[in-house]
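Colleague: I would like to go through a few local features of this model before planning anything at the bench. Shall we take them one by one?

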Amino acid sequence: MTTEPDNSVLGIGARIIDPSGGSNQTRVRAYNERLVMSLVRRHGSLAKAEIARRTGLSAQTVSVIMRSLEKDSLLVRGEPLRGRVGQPSIPMALNPDAVYSIGLKIGRRSADLVLMDFVGGVRKQLHETFAYPLPEQIMSFVNRGLEQLCNTLDETARARIAGVGIAAPFELWNWLEQVGAPQREMDAWRAFDFAIAMAEITDLPIIVQNDATAACGAELVFGRGREFTDFAYFFIGSFIGGGLVLNHAVFPGRSGNAGAFGPIPVPGPNGGAEQLLNHASIFVLENRLKDAGIDPSPLWMRPDEWPDFGPYMADWIRDTARNIAIAIVSISAIIDIDAALIDGGFPTSVRSTLVQAIKQAFTELDRQGIREPEILEAQVGAEARAIGGASLPIFSRFMIDQNVLVREPV
């Protein structure tokens with residue numbers, strides 16, 4: 001669901017319009033500008049000659065585009081690269097301060113608001129925890145949080161906010177038994193419309209995406225995803241979810257829910273099949289801690305600083321690793337992925353330990369007939385869903401579909 005942006009709010013870059021449909025000169029130019037910025041984002045910085053080589057555009061066309069983008073402060077010059085024949089090459093990079101965006105992540109135990117710059121840097125983050133999310137509670141957090149985030153910017157910078165991207169699980173009213181949320185109260189999400197609710201708070205454009213899909217997009221653009229053509233991405237939050245990248249692009253599927261790995265069947269304790277989310281989610285660890293009389297609130301209060309939960313953590317990592325390894329084999333049997341990237345709402349030390357355990361569990365499974373993917377740590381981290389949400393307005397207005405990037409020469 002997307003509301004139409006009001007160009008007057010966006011300031012810098014507002015003239016870059018949606019290139020879909022038609023092929024008049026204005027639209028073609030907008031597409032080429034997006035192409036240049038998308039290439040620069042993917043590679044960090046590029047000189048004019050390299051952009052011309054990768055896009056097939058003439059050197060003159062690239063010069064005109066880059067001068068225009070530099071004039072709008074979307075691109076900035078790097079240090080000249082000397083040592084070659086002729087004039088020194090000047091790489092151009094995205095200007096972090098050119099555009100800002102706000103990301104809202106709604107989880108089943110916590111919510112985050114982030115203010116992100118044009119290159120994915122988080123300028124400010126707000127965090128709130130709860131027993132379970134309710135619409136009025138979330139909107140109260142957003143109302144307070146938007147004001148705090150915007151107040152960190154001066155008037156000129158506030159005019160450069162591209163919009164608000166919302167990353168939330170689809171069908172928040174499902175799987176309530178696992179997290180102890182009451183069906184009657186959570187049913188309020190069935191009729192909730194983010195666009196209508198947000199319009200009462202802000203006139204910024206609003207884009208909504210599945211939280212794990214948004215996190216996958218963040219990893220693709222800002223993390224290790226740039227290294228692989230096709231990969232599966234797992235994000236372990238309250239429930240495990242994920243995303244699928246094919247040909248350097250997130251594949252959302254017909255309903256936007258492709259790569260929702262939680263329902264993948266894995267062996268249950270009694271010999272039957274159960275869903276992956278019941279064996280590889282943080283709520284599993286939460287419930288084990290509760291049963292042992294241990295306060296599980298640090299799991300949500302400080303996702304980057306978990307205390308040592310001793311054998312409960314070790315058992316959870318072992319069980320989680322085995323079941324994710326089974327899921328990776330299942331995915332690899334259907335799609336010839338290069339890698340499986342693992343991330344989650346926990347400290348990087350837990351992620352490292354978990355990935356090593358997944359690798360070991362993977363070697364113990366029957367893998368005959370599949371091409372084995374690399375199993376690696378993702379890079380963006382616990383804030384991937386919020387960063388993915390904040391990326392949505394920026395990509396919508398300033399970038400092109402990642403599929404175009406695969407056409408560039410090696």
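Colleague: In which helix is Phe 362 found?

Modeller: This is a predicted model, so what follows is computed from its coordinates. One helix covers residues 348-363, and Phe 362 is found in that helix. The helix is α14.

Colleague: Is Phe 362 buried or exposed?

Modeller: The relative accessibility of Phe 362 is 4%. A residue counts as buried under 20%. Phe 362 is therefore buried.

Colleague: How far apart in space are Phe 362 and Glu 372, C-alpha to C-alpha?

Modeller: Leaving out residues up to four places away in sequence, Phe 362 touches Ala 325, Ile 328, Val 329, Arg 367, Ile 370, Glu 372, Pro 373 and Ile 375. Glu 372 is thus one of the residues touched. In sequence, Phe 362 and Glu 372 are 10 residues apart, and their C-alpha atoms are separated in space by 9.4 Å.

Colleague: How many residues of α10 are buried?

Modeller: Helix α10 takes in residues 211-222. Its buried residues include Asp 211 and Glu 219, along with Cys 216, Leu 220 and Phe 222. The helix is mostly covered, and the buried count is 12 of 12.

Colleague: What distance separates the end C-alpha atoms of α10?

Modeller: At 1.5 Å a residue, the 12 residues of α10 should span 16 Å. The model agrees with that expectation, with the end C-alpha atoms of α10 apart by 16 Å.

Colleague: Is α10 roughly parallel or roughly perpendicular to α15?

Modeller: Helix α15 runs over residues 384-398, and α10 packs with it at an angle of about 75°, the axes being 7 Å apart. Angles of 65 to 115 degrees count as roughly perpendicular. That makes α10, relative to α15, roughly perpendicular.

Colleague: How many residues of the contact of α10 with α15 are nonpolar?

Modeller: From α10 the contact uses Asp 211, Ala 214, Ala 215, Ala 218, Val 221 and Phe 222, and from α15 it uses Ala 384, Arg 385, Ile 387, Gly 388, Gly 389, Ser 391 and Phe 395. Of these residues, 3 are polar and 2 charged. The nonpolar residues number 8.

Colleague: Which handedness does the crossing of α3 and α4 have?

Modeller: Helix α3 (residues 48-55) and helix α4 (residues 59-71) pack at about 120°, with axes 9 Å apart. The two helices are therefore oblique to each other. Their crossing is right-handed.

Colleague: How many residues in the contact of α3 with α4 are charged?

Modeller: The contact is made by Lys 48, Ile 51, Ala 52 and Thr 55 of α3 with Ala 59, Val 62, Ser 63 and Met 66 of α4. Among these residues 5 are nonpolar and 2 polar. The charged count is 1.

Definitions and conventions. Residues numbered from 1 in each chain as written. Predicted model: local features only at pLDDT ≥ 70, side-chain atom pairs only at ≥ 80, totals over all residues. Heavy atoms only, no water. Axes fitted to C-alpha atoms, helices over the stretch in contact; angles between N-to-C directions. Helix = DSSP H or I, 4+ residues; strand = E, 2+ residues; numbered from the N terminus. Parallel < 35°, antiparallel > 145°, perpendicular 65-115°, else oblique. Left-handed = near helix turned anticlockwise from the far one by under 90°. Contact = heavy atoms within 4.5 Å. Nonpolar A, V, L, I, M, F, W, Y, C, P; charged D, E, K, R; others polar. Expected span 1.5 Å × (residues − 1). Buried < 20%, exposed > 50% of the residue type's maximum accessible area, 1.4 Å probe, protein only.
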